Amino acid sequence: MDQRSIKLPGMRKEIFRMVRDEAVALLARSPVVHLATTDATGVPVLRTVHAVVIDGALAFHGAPAGEKMEAMGRPVVISAEETVAVIPSYFFDPELACPATTYYRSVQVHGSLEIVEDRHAKARVLAALMHKYQPEGGHVPITADDPRYRKQVEGILIVRVALERLDGKGKLGQNRRPEELARVLEQLWRRGLPGDPAAIEALRRANPSTPTPAFLRAPPGARLSCALTPDDLDGALALLVDEYWNVAVPRAAIARALLHSGAWVGAHDEGGRLIATARALGDAGKFAKLYDVAVAPDWRGRGLGRALVRLLLDHPLVRDARTVHLRTRDAQRFYADFG
């Protein structure tokens, strides 16, 4: 988020404009987008489409006849949104319902529908759609000159809307005082719904002046995170691939395990390097197991490992488990301090 803000009538400053790159990224990762336009008689039309960001535009496909063809050249609005967290009223007031709110990100594109005529450009859009919605592959790549696809590429309708008029907004607690938002982070952690750890990290990134809550306190120079993201994958693999328990495990298998873990925590140094990682599986009630706890060699012996394991044991997926398992051949004394 940048620091430009807009104020809606009757509201405090709580909705901030997103920088362009963030807005485009939201469009790109949205599973679907919503397209609004009008038909030939001026009646509003709203449709949901699968789309990709490519060549400076948002593009999607359709049949060469029907509503999309009829709407060519008309003004359209395309929107996408994602909920970060639903915030209950009692986070702020023990009685009143008024403070209940939702933290979210949204983006709108204003423009007009254009037909993509060039078959190579059409093939790029179709290939991008396959990559987005079938990333595992399992098909021959789409190209304009492949005889297996040429007829389909030429016959399908590809539509684009240029990303020239793009408006991204986010409501992520920017209207709250730092100490108020710190309490929200604590309450989200205690509530512990599946998306709450990721919401905590989103709020921290949007509000860097927020004090670090107690459950995320780390040794000086380190910043604990209660929800790592795919952007942290390479850093985590660098810490894990040479550990003794992963010697015979393919790098791709370690990556899948990290991405599919219910709890994945870590720490970064002041330069943004990932310096610790740990994950857990569990059912949030009876059973949990810790895996892949690793700290960068230059950070060992400084209390970071203890802070990391303490955070993982307090994770909503783990904290209420009646039994917590782990296996180690050289750190029994370290883990004994946690019971």
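Two strands pair if DSSP finds at least two bridges between them. I kept that cut-off at hand while going through this predicted model.

**Entry 1: the S14, S15 and S16 strands**

I began with strand S14, residues 274-282, and its pairing with S15. The two run antiparallel and share six bridges, so they pass the cut-off of at least two. I looked up one of these positions and found Ala 276 bridged to Val 295 in S15. Four residues lie between the strands of this hairpin. There I noted Ala 284, which has a positive phi near 65°.

Next I followed S15 to strand S16, residues 323-325. This pairing is parallel and has three bridges. Phe 287 has Thr 323 in S16 as its bridge partner. I then checked the connection and recorded that S15, H9 and S16 form a β-α-β unit of right-handed sense.

**Entry 2: the second largest pocket**

I turned to the second largest pocket, with a volume of about 760 Å³. Its lining has 26 residues, and those closest to the centre are Trp 245, Val 293, Thr 328, Ala 331 and Tyr 335. Which elements give two or more residues to this lining? I found strand S15 (287-295), helix H9 (304-313) and helix H10 (332-336). S15 gives the most, with seven residues. I thus met S15 again, having listed it with H9 in the β-α-β unit. By residue class, the lining of the second largest pocket has twelve nonpolar, four polar and ten charged residues.

**Entry 3: the largest pocket**

I looked up the largest pocket next and noted a volume of about 1100 Å³. It is lined by 42 residues, of which Ala 198, Glu 201, Arg 205, Ala 227 and Thr 229 are the closest to its centre. For the elements behind this lining, I listed those that supply at least two residues each. The helices are H1 (20-29), H6 (196-206) and H8 (251-259). The strands are S7 (75-87), S12 (222-225) and S13 (263-269). Which element has the largest share of this lining? I recorded H6, with seven residues. The lining of the largest pocket divides into 23 nonpolar, nine polar and ten charged residues.

**Entry 4: a four-stranded sheet**

I traced an open sheet of four strands in the order S5-S6-S10-S9 and noted that its pairing is antiparallel. Why is one side of S5 and of S9 left without a neighbour in the sheet? Strand S5 (52-54) and strand S9 (114-115) are at the edges and have a single partner strand each, so one side of each has no neighbour there.

I then looked at the S5 end of this sheet. S5 is joined to strand S6, residues 57-62, by three bridges, and the two run antiparallel. Opposite Val 52 I found Ala 59 in S6.

**Entry 5: the whole protein**

I closed with the overall figures. The protein has ten helices and 16 strands. Along the principal axes, its C-alpha atoms fill a box of roughly 70 × 55 × 35 Å. How much of the protein is made up of buried residues? I noted 43% of the 339 residues. For contacts, I took those with a separation of 6 or more, and 67% of them are between residues 24 or more positions apart.

Key
Residues numbered from 1 in each chain as written. Predicted model: local features only at pLDDT ≥ 70, side-chain atom pairs only at ≥ 80, totals over all residues. Heavy atoms only, no water. 1 Å grid on protein atoms, 1.4 Å probe; cavity = no way out; pocket = protein on both sides within 12 Å on 5 of 7 lines; lining within 4 Å. Points joined across faces, edges and corners; volume = space filled by probe spheres on them. Nonpolar A, V, L, I, M, F, W, Y, C, P; charged D, E, K, R; others polar. Right-handed = clockwise from strand over helix to strand, strands pointing away. Buried < 20%, exposed > 50% of the residue type's maximum accessible area, 1.4 Å probe, protein only. Contact = heavy atoms within 4.5 Å.
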